[in-house]
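Me: I'm new to this structure and would like a close look at a single part of it. Please start with one spot where two pieces pass each other, then work outwards from there.

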Amino acid sequence: MTVEELLDKKQEPLEEAQAQIESNSDSPLLNTEIADHDADHMKRVTVLAAYIAEHEKVRQFRQELMDAALFHDCGRTHEFEDATHGADSYKRYRAEYGDNEIVEFLMAYHCQENEDAERALETFAEKDRPAVWKAYCVLRDADALDRLRLPMGDSLDPAYLHFAYSRKLIGVARELISKYKI
């Protein structure tokens, strides 16, 4: 699928992502100098997350998902693999926007193994777990799709994406990276 085909089908998720980005455009959390994990990366992840969330009917915790998507890498200090950068990002988020357990979970575990996130999910009320997990999967997929920008991006294994719809967005993700500078 291309960006044009996606926009022909639905523009509301793009508008939601744009509103999220614009309302936070002055945030110091978007001032990162990490080349591959910069503000443009976080903005693309926000756009992709909005589309995946819309398709997968993520309604509960939608704002928390959008916050986590936009700021998920704001605490990175280097480009290397780092399983703690999500928790570091949340610390910066909390200092700026206050405490939110859903945003904390999404940000802290977006760079962890699914098994670790599943164990941590047990801390939530049973009724909230499915919605929190779905939001987590959306963020993971959106972030994974934007890894196509990296030199090893061609090694993205679509089988690791949580949703079939995310696999349909691989072309869109490539196009966002190459043609559209967010």
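**Where two helices cross**

Reply: Start at the spot where α7 passes α8: the crossing is right-handed. That label means the near helix is turned clockwise from the far one by less than a right angle, while anticlockwise would make it left-handed. The helix names come from DSSP runs numbered from the N terminus (H or I over at least four residues for a helix, E over at least two for a strand). Before going on, bear in mind that this is a predicted model, so local features need pLDDT of at least 70 and side-chain atom pairs count only at pLDDT 80 or more, while totals for chains, interfaces and linings use all residues. Residues are numbered from 1 along each chain as its sequence is written, and side-chain values use heavy atoms, with hydrogens and water left out.

Back to the crossing. Helix α7 covers residues 114–121, and it packs against α8 at an angle of about 155° with the axes 11 Å apart. Those axes are lines fitted to C-alpha atoms, for helices over the stretch in contact, and the angle, from 0 to 180 degrees, is taken between N-to-C directions. So α7 is roughly antiparallel to α8. The cut-offs are under 35 degrees for roughly parallel, over 145 for roughly antiparallel and 65 to 115 for roughly perpendicular, with the rest called oblique. Which residues make the contact? From α7 they are Asn114, Ala117, Glu118 and Leu121, and from α8 they are Arg129, Val132, Trp133, Tyr136 and Arg140. Contact here means heavy atoms within 4.5 Å.

Some of those names come back when you look at phenylalanine 105. Leaving out neighbours within four places in sequence, Phe105 is in contact with Ala117, Ala120, Leu121, Phe124, Val132 and Tyr136. Alanine 120 sits in helix α7, and it counts as buried because its relative accessibility is 13%. The bands are under 20% relative accessible area for buried, over 50% for exposed and partly exposed in between (1.4 Å probe, protein chains only). With neighbours up to four places away set aside, alanine 120 is in contact with Phe105 and Tyr109. From alanine 120 to tyrosine 109 it is eleven residues in sequence and 8.6 Å in space, C-alpha to C-alpha.

Phe105 also leads into the nonpolar core. The largest such core has 58 residues, and Phe105, Leu106 and Leu145 touch the most other members. Helix α8 (residues 129–145) gives this core its largest share, eleven residues. A nonpolar core is a set of buried Ala, Val, Leu, Ile, Met, Phe, Trp, Tyr and Cys residues joined through side-chain atoms within 4.5 Å.

Now step just past the end of α8. The side chain of aspartate 146 meets that of arginine 44 in a salt bridge at 2.6 Å, N to O. It ties together distant parts of the chain, 102 residues apart: aspartate 146 is in the loop between α8 and α9 (164–168), and arginine 44 is in helix α3. Aspartate 146 is buried at 0% relative accessible area, and arginine 44 counts as buried too, at 9%. A salt bridge needs a side-chain nitrogen of Lys or Arg within 4 Å of a carboxyl oxygen of Asp or Glu. Why do such pairs form? Side chains of opposite charge can pair when their charged atoms come close.

On the other side of α8 in sequence, lysine 127 and aspartate 128 make a salt bridge at 3.2 Å, N to O. Is lysine 127 buried or exposed? Lysine 127 counts as exposed at 67% relative accessibility, whereas aspartate 128 counts as buried at 15%. The whole structure has eight salt bridges, and a network of them links Lys10, Glu16, Glu54 and Arg62.

Zooming out, the protein chain has ten helices and zero strands. Of its 182 residues, 52% count as buried. Among contacts with a separation of 6 or more, 68% join residues 24 or more positions apart. One example of parts brought together is threonine 2, in the segment before α1. Its C-alpha is 4.9 Å from that of valine 172, although threonine 2 and valine 172 are 170 residues apart along the chain.
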